[in-house]
Amino acid sequence: MTQPMTARTAAPTTAGALSVAHGARPTADGTSGVLSAFEEWVRRSPDAPAVIDETHRWTYRQIGAAADEAAEALRDRVRPGDLVGVCLDRSAALVVTAVALARIGAVYLPLGPRPGERRTDAVTEDLNVRCLIGDPELLPPRHRSADRLNLALPGEGANATATVVAAFATPAAAAHSAPAGAFYAVLTSGSTGRPKAVAVGEPALGGLLDWYRATTGLGPGDRQSLLIGVAFDPHLLELWAGLTSGAALVPAPDAVRWDSVVLTDWWRTAGVSVAVTATPMAEPLLDRPWPQDLRLRHLFVGGDRLRRRPGAEVTATVHNAYGPAEATVITTTHAMHGTDSAADTDTAPPIGRPVPGVTVLVADADGRPVERGTEGELLIGGSGLALGYLDPELTARRFVPVSEGVDLPGVERLYRTGDRVRMAADGRLEFLGRLDDQVKISGVRIEPAEVEAAFEQDPAVLSAVVTAPRTADGRARLVAYVRAADGAGLTADALLPALRTWLPEQAVPSDIRIVGSFPLDANGKVDRAELTRRAGESGAPRPDGTAPDGEAPDGGTPGEVTGATPGERLVLSAARDLLGRPGISLAENFTGAGGTSVLAARLLTVIEKESGVRLRAPELLRQPDLRAVARLVDQRTAARQPAGA
């Protein structure tokens, strides 16, 4: 790990010419406890701010007292070791809930404020979830009609909800419970079409937090952003990093999360000093002049391959972080500074070296380390490993013993990541891609099989195949090929609403193509390679058979829209490039055409760069179609020109 070395963090060691690297010895064993570190700050600095949400502040004493009240209300119904699904957004209420569940000894399962009705139903059918905590109006029907317990949680702040309940419903008889010692659990994508959950123990999170605090110097007077989507595991790092350091957590409003210009403005006004963000949000920041009046001194970037380095004017240390949920958020990091010799280049940085307590090896198919410089699968061991999945059979397949004859002192088991990497002579890891069908979309791991299964829940769908072609700049996108059942008339627009109840936003394909049949390979199987090739070609006709604006009726390569304004040409070109869909038209809605929040942020960036017009996120969201977005661009451009120009 390339970070400034301190007396508390020694340099990692490497093992000969083989692709094995060990993180430094942990500064502590992590057994002191995450919760106890928070309790210590309640005692030491009770009046220091623990959460700052716009004009609202809560001290460590107030968060602790509110958590006591919530824990007392839940304690008769929720026992130590019980899974509790939390359907809240980034807010003081979420922080209080996390502390309350830790005090009870329950297992915190963050699902986000709107996880999708069917997805939540699937989770609560497969997992022994004792209750869901959230806004009663947003809970799935089975929990809206269940026994409820009102919780007196803070109701102020940008993402707060006025009413929060704990809703209890009887779990399925065969539902999986959390393993002993679990502190939290998070969902990851599952190839069966249903999400799977991985459980992490308190020592693993505690060890990572020790390293994070030592690396960043996070402490009293600092402000740690609470920015990551609640359903994803870096959220746990953010939340507990603030609470265990005496710093203040600053929840981000929703618009901040996907608009890079608004994000830097918010960092400035909120006084954020340490932040974590997803790679797709970080890259636009590194492509524009760095604001010089930020307090931000450390920025952790992860979730996808980072394709560029910070420029010379970047004053924060930028950490390119890698780590699956199965290894507790961060496994390796590479720290970068504006003064580095490689600064301001477009070369992809490495994912670095292991954090303390972690061992990594690049292995062949038999689990044996390959020579440095040779590609292989990344295997992870050490104190950062999760306890496993809630499904013991899945745990046995992915968490494996060390191969016979491989000497890894202190390591008894390894997690097979499925990621293809290469270790350089100096021990740094380079990320090369996936070995299996998993892809990353806007920083989230997606199993195409899960997306296919979501389509096939619809009785009008006979079968679906999801491919992941890459755009010219290397970003993956999802394209779905769907066969209709006999007599069913399908359109992409008709499929999308139900699909979104099953899947997170990033897993909804940007392009849905209705087909009569799938191409087959020589073995009679669906030729996925051919479908991927087709998906990478110019836009196909719409599912209803009509041709988009500016496109030939046969669905060929689209041309310019006749009589288009400069704004229309800019917006349409940018949307087509970002979505990888040359056939979309001005009459389509950006999100309806497959645009995610991260892609919307990129659209705003392109518009500003090419036209000088700065649109705000809510303005984009309110527009019914791309033509309306273009109209705003044309109007703002005209308003900026001198009279008579």
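A salt bridge here is a side-chain nitrogen of Lys or Arg within 4 Å of a carboxyl oxygen of Asp or Glu. The exercises below concern a predicted model.

**Exercise 1.** Decide which residue of helix 13 pairs with Arg534 in a salt bridge, and describe the spacing of the two.

Solution.
- The partner is Glu530, with the closest N and O atoms 2.9 Å apart.
- Both residues belong to helix 13 (residues 528–535) and are separated by four residues, about one turn of the helix.
- Arg534 has a relative accessible area of 33%, so it counts as partly exposed.
- Elsewhere, salt bridges with shared partners connect Asp265, Arg268, Asp293 and Arg616 in one network.
- By this rule the count of salt bridges is 25.

**Exercise 2.** Determine where the two partners of the Arg353–Asp426 salt bridge lie in the chain, and classify each by exposure.

Solution.
- The closest N and O atoms of Arg353 and Asp426 are 4.0 Å apart.
- This pair links distant parts of the chain: Arg353 is in strand 18 (residues 353–354), while Asp426 is in the loop between strand 23 (413–423) and strand 24 (429–434), 73 residues apart.
- Buried means under 20% relative accessible area.
- Arg353, at 16%, is therefore buried.
- Asp426, at 35%, is therefore partly exposed.
- For another pair, take Arg90 and Asp89, whose side chains meet in a salt bridge at 3.0 Å, N to O; Arg90 and Asp89 are both buried.

**Exercise 3.** Locate Glu54 and Val329, which have positive phi without being glycine, and state whether each is buried or exposed.

Solution.
- Glu54 has phi near 55° and sits in the loop between strand 3 (49–53) and strand 4 (56–59).
- Its relative accessible area is 54%, so Glu54 is exposed.
- Val329 has phi of about 75° and occupies the loop between strand 16 (317–322) and strand 17 (332–336).
- The relative accessible area of Val329 is 7%, so this residue is buried.

**Exercise 4.** Work out how strand 10 is enclosed and paired, then examine burial in helix 8.

Solution.
- In strand 10 (residues 182–188), seven of the seven residues are buried, so the strand is largely enclosed by the rest of the structure.
- Strand 10 pairs with strand 11 (residues 196–201) in the antiparallel sense, over six bridges.
- Within this pairing, Tyr184 stands opposite Val200 of strand 11.
- Helix 8 (residues 260–270) is mostly covered, with eight of its 11 residues buried.
- The buried residues of helix 8 include Trp266, Trp267 and Ala270.
- Just after helix 8, Gly271 has a positive phi of about 65°.

Methods:
Residues numbered from 1 in each chain as written. Predicted model: local features only at pLDDT ≥ 70, side-chain atom pairs only at ≥ 80, totals over all residues. Heavy atoms only, no water. Buried < 20%, exposed > 50% of the residue type's maximum accessible area, 1.4 Å probe, protein only. Pairing = 2+ DSSP bridges.
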